[in-house]
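Colleague: Before we discuss the charged side chains, could you show me the model and then take me through the reasoning behind each label?

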Amino acid sequence: MSTAEPVKKGRLRGFFQRLTSSQAELEAEELREDLGRHGATPIASCGERQRSCVAGTLRTVTLRPRGGAPALEAELYDGSDVIDLVWLGRRKIAGIEPGRVVRAEGLVSVQDGRKVMFNPRYELRPAGGQ
């Protein structure tokens, strides 16, 4: 067997795996691959009361009052899990919109079983991870 045969098998296996995977699975895999490029930790690996850097795509952005004050909430997905980014006292932040790639840093907490990061430092990233 030549050394080219295992490479062909690997490529062929990858091709068939992409054919049989759902669009959501393919997008999740692509997001997980981008984590290293952003210098981020997978959200699934982030523990409560731990400072973390996460990166992913914003799925939803909503305005929800918290304690009578406005709060902008965005759900960030990185292919491994989701985390809610919450900016207290904000109604809108330019560039924070669904579909945008964001890198965020802050303290992770858990509320009602969901990971949350309050007032994170953030960077808007170009799509494609450059």
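Modeller: Let me begin with the burial terms: buried means under 20% relative accessible area, exposed means over 50%, and partly exposed is in between, with a 1.4 Å probe and protein chains only. This is a predicted model, in which local features need pLDDT of at least 70 and side-chain atom pairs count only at pLDDT 80 or more, while totals for chains, interfaces and linings use all residues. Residues are numbered from 1 along each chain as its sequence is written, and side-chain values use heavy atoms, with hydrogens and water left out.

Colleague: Why is arginine 59 called partly exposed?

Modeller: Its relative accessibility is 43%, which lies between the limits of 20% and 50%, so arginine 59 counts as partly exposed.

Colleague: What makes the pair of arginine 59 and glutamate 75 a salt bridge?

Modeller: A salt bridge needs a side-chain nitrogen of Lys or Arg within 4 Å of a carboxyl oxygen of Asp or Glu, and in this pair the N to O distance is 3.6 Å, so the criterion is met. The partners are 16 residues apart, arginine 59 in strand β1 and glutamate 75 in strand β2, where strands are DSSP runs of E with at least two residues, numbered from the N terminus.

Colleague: Why is glutamate 75 classed as it is for burial, and which other arginine does its side chain meet in a salt bridge?

Modeller: Glutamate 75 has a relative accessible area of 14%, which is under 20%, so the residue is buried. Its side chain also meets that of arginine 114 at 2.9 Å, N to O, and this pair joins strand β2 to strand β5 (residues 114-118) across 39 residues. Arg59, Glu75 and Arg114 belong, together with Asp84, to a network of salt bridges.

Colleague: How do you know that arginine 103 and glutamate 123 tie together separate parts of the chain?

Modeller: Arginine 103 lies in strand β4 (residues 101-111) and glutamate 123 in strand β6 (residues 121-125), so their pairing connects parts that are 20 residues apart in sequence. The closest N and O atoms of this salt bridge are 3.3 Å apart. Arginine 103 is buried because its relative accessible area is 15%, whereas glutamate 123, at 35%, is partly exposed.

Colleague: What makes the link between arginine 64 and glutamate 73 a polar contact?

Modeller: A polar contact is a pair of N or O atoms within 3.5 Å; within protein, one must be able to donate a hydrogen and the other to accept it, and residues adjacent in sequence count only if both atoms are side-chain atoms. The two side chains are joined at 2.8 Å, so the distance satisfies that limit.

Notes: Helix = DSSP H or I, 4+ residues; strand = E, 2+ residues; numbered from the N terminus.
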